[in-house]
Amino acid sequence: MLKIGVLASGRGTNLQSIIDSIQRGDLETEIRIVISDRKGAKALARANKYHIPNQYINPDDYATKEEFEQAIINLLEEHKVELVILAGFMRLLTPYFVRHYKNKIMNIHPSLLPAFPGLNAQRQALEYGVKIAGCTVHFADEGMDTGPIILQAAVPVKEGDTEETLAERILQEEHRIYPEAIRLYSEGRLKIEGRVVKVVE
Ligand code: GRF
């Protein structure tokens with residue numbers, strides 16, 4: 001069974017959707033560890049609730065970003081993690097980390113990439129005035145939200161939407177496509193050709 005490790009900084013609703021998929025029997029993977037760079041992140045409490053090993057790593061304890069990431073890598077390796085899931089992890093990984101887990105890191109971003117990378121994607125979408133928004137699961141590369149796209153889902157932007165209402169609508173889709181992308185990976189059905197990901201039967 002595919003062993004995954006989840007990196008999360010915040011409330012962890014995407015982590016929850018993965019846990020729920022596993023519990024429903026829709027996803028045959030094992031969450032070996034949840035790691036957070038924020039003390040008290042709700043994601044850690046969620047992991048605890050399901051007896052999933054979890055760990056807070058304080059970035060301030062390390063002199064450099066690489067040392068901090070090495071500490072994460074050590075934990076992931078200790079738990080034999082084969083696929084790293086970024087679920088609201090609010091840090092850009094260094095090329096060192098990305099190379100270490102080349103094509104083995106997934107991220108979810110709340111926009112239809114390549115539109116609106118980076119922070120506050122939903123606000124960017126509203127301010128730009130797009131009529132369709134959405135979310136993207138992609139493999140992480142060295143850039144910010146630039147890696148090969150695995151799955152996307154679209155939602156309408158409605159009259160009177162606020163950042164919150166739009167984010168909530170997008171989040172529903174995130175919770176559907178992230179577990180789905182992991183499932184495809186676990187079944188060996190994702191083939192990366194350049195920057196194009198093919199889903200094979
Ligand atoms: C999600 O909107 C995700 O797309 C973005 O960060 C947010 C994390 O939410 N990368 P949660 O912690 O999974 O609830």
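This passage describes the helices of a predicted model, their packing, and several residues with notable backbone geometry.

Helix α1 comprises residues 13-24. At a rise of 1.5 Å a residue, its twelve residues should span 16 Å, and the C-alpha atoms at its two ends are indeed 16 Å apart, so the expected and computed spans agree. The buried residues of α1 are Thr13, Asn14, Leu15, Gln16, Ser17, Ile18, Ile19 and Ser21. These buried residues pack against both strands and helices: the strands are β1 (2-7), β2 (29-36), β4 (83-86) and β5, and the helices are α2 (42-49) and α6. After α1 comes Gly25, which has a positive phi near 85°.

Two of the helices that α1 meets can be described by the angle of crossing. With α2, the axes come within 9 Å and cross at roughly 20°. An angle under 35 degrees counts as roughly parallel, and α1 is therefore roughly parallel to α2. The crossing of this pair is right-handed. On the α1 side the contacts involve Thr13, Leu15, Gln16 and Ile19, which meet Ala43, Arg46 and Ala47 in α2.

With α6, the axis of α1 again comes within 9 Å, but the crossing angle is roughly 50°. This angle makes α1 oblique to α6. Here too α1 passes its partner in a right-handed crossing. The residues of α1 that take part are Thr13, Asn14, Ser17, Ile18 and Ser21, and they meet Leu171, Glu174, His175, Tyr178, Pro179 and Ile182 in α6. Thr13 thus appears in the contacts with α2 and also in those with α6.

Helix α6 (163-186) also receives helix α5, whose buried residues pack against α6 and against strand β5 (105-109). Helix α5 covers residues 121-128, and Ala121, Gln122 and Ala125 are buried within it. Viewed down the axis of α5, these buried residues fall within an arc of 100°, so they line one face of the helix. The axes of α5 and α6 are 9 Å apart, and the two helices pack at an angle of about 115°. In passing α6, α5 makes a right-handed crossing. The contacts join Gln122, Arg123, Ala125 and Leu126 in α5 to Glu163, Leu166, Ala167 and Ile170 in α6. Gln122 and Ala125 are thus buried and also take part in the contacts with α6. Helix α5 is followed by Gly129, whose phi is positive, near 90°.

Helix α3 was examined in the manner applied to α1. At 1.5 Å a residue, its 14 residues should span 20 Å, and its end C-alpha atoms are 20 Å apart, so expectation and model agree. Buried in α3 are Phe68, Glu69, Ala71, Ile72, Ile73, Leu75 and Leu76. The elements that cover these buried residues include β1, β2, β3 (54-56), β4 and α4.

The backbone also has unusual features outside the helices. Most residues other than glycine have a negative phi, and most peptide bonds are trans. Lys80, just after α3, takes a positive phi of about 55°. Lys80 belongs to the loop between α3 (65-78) and β4. With a relative accessible area of 55%, Lys80 is exposed, because the threshold for an exposed residue is over 50%. Asp145 likewise has a positive phi, near 60°, although Asp145 is a residue other than glycine. The loop that holds Asp145 runs between β6 (132-139) and β7 (149-156). In contrast to Lys80, which is exposed, Asp145 is buried, with a relative accessible area of 13%. The peptide bond between Leu113 and Pro114 is cis, with omega about 15°. Pro114 is located in the loop between β5 and α5.

A further loop residue, Asn103, lies between α4 (95-100) and β5. Its relative accessibility of 31% places Asn103 among the partly exposed residues. Beyond residues up to four places away in sequence, Asn103 touches Phe139, Tyr185 and Ile192. Of these contacts, Phe139 belongs to the sequence range of β6, and Tyr185 to that of α6. Asn103 and Ile170 are 67 residues apart in sequence, and their C-alpha atoms are 25 Å apart in space.

Definitions and conventions: Residues are numbered from 1 along each chain as its sequence is written. This is a predicted model: local features need pLDDT of at least 70, side-chain atom pairs count only at pLDDT 80 or more; totals for chains, interfaces and linings use all residues. Side-chain values use heavy atoms; hydrogens and water are left out. Buried means under 20% relative accessible area, exposed over 50%, partly exposed in between (1.4 Å probe, protein chains only). Helices (H or I, at least four residues) and strands (E, at least two) are DSSP runs, numbered from the N terminus. The arc is that of the directions from the helix axis to the C-beta atoms. Contact means heavy atoms within 4.5 Å. The expected span of a helix is 1.5 Å times one less than its number of residues. Axes are lines fitted to C-alpha atoms, for helices over the stretch in contact, and angles run from 0 to 180 degrees between N-to-C directions. Angles under 35 degrees count as roughly parallel, over 145 as roughly antiparallel, 65 to 115 as roughly perpendicular and the rest as oblique. A crossing is left-handed if the near helix is turned anticlockwise from the far one by less than a right angle, and right-handed if clockwise.
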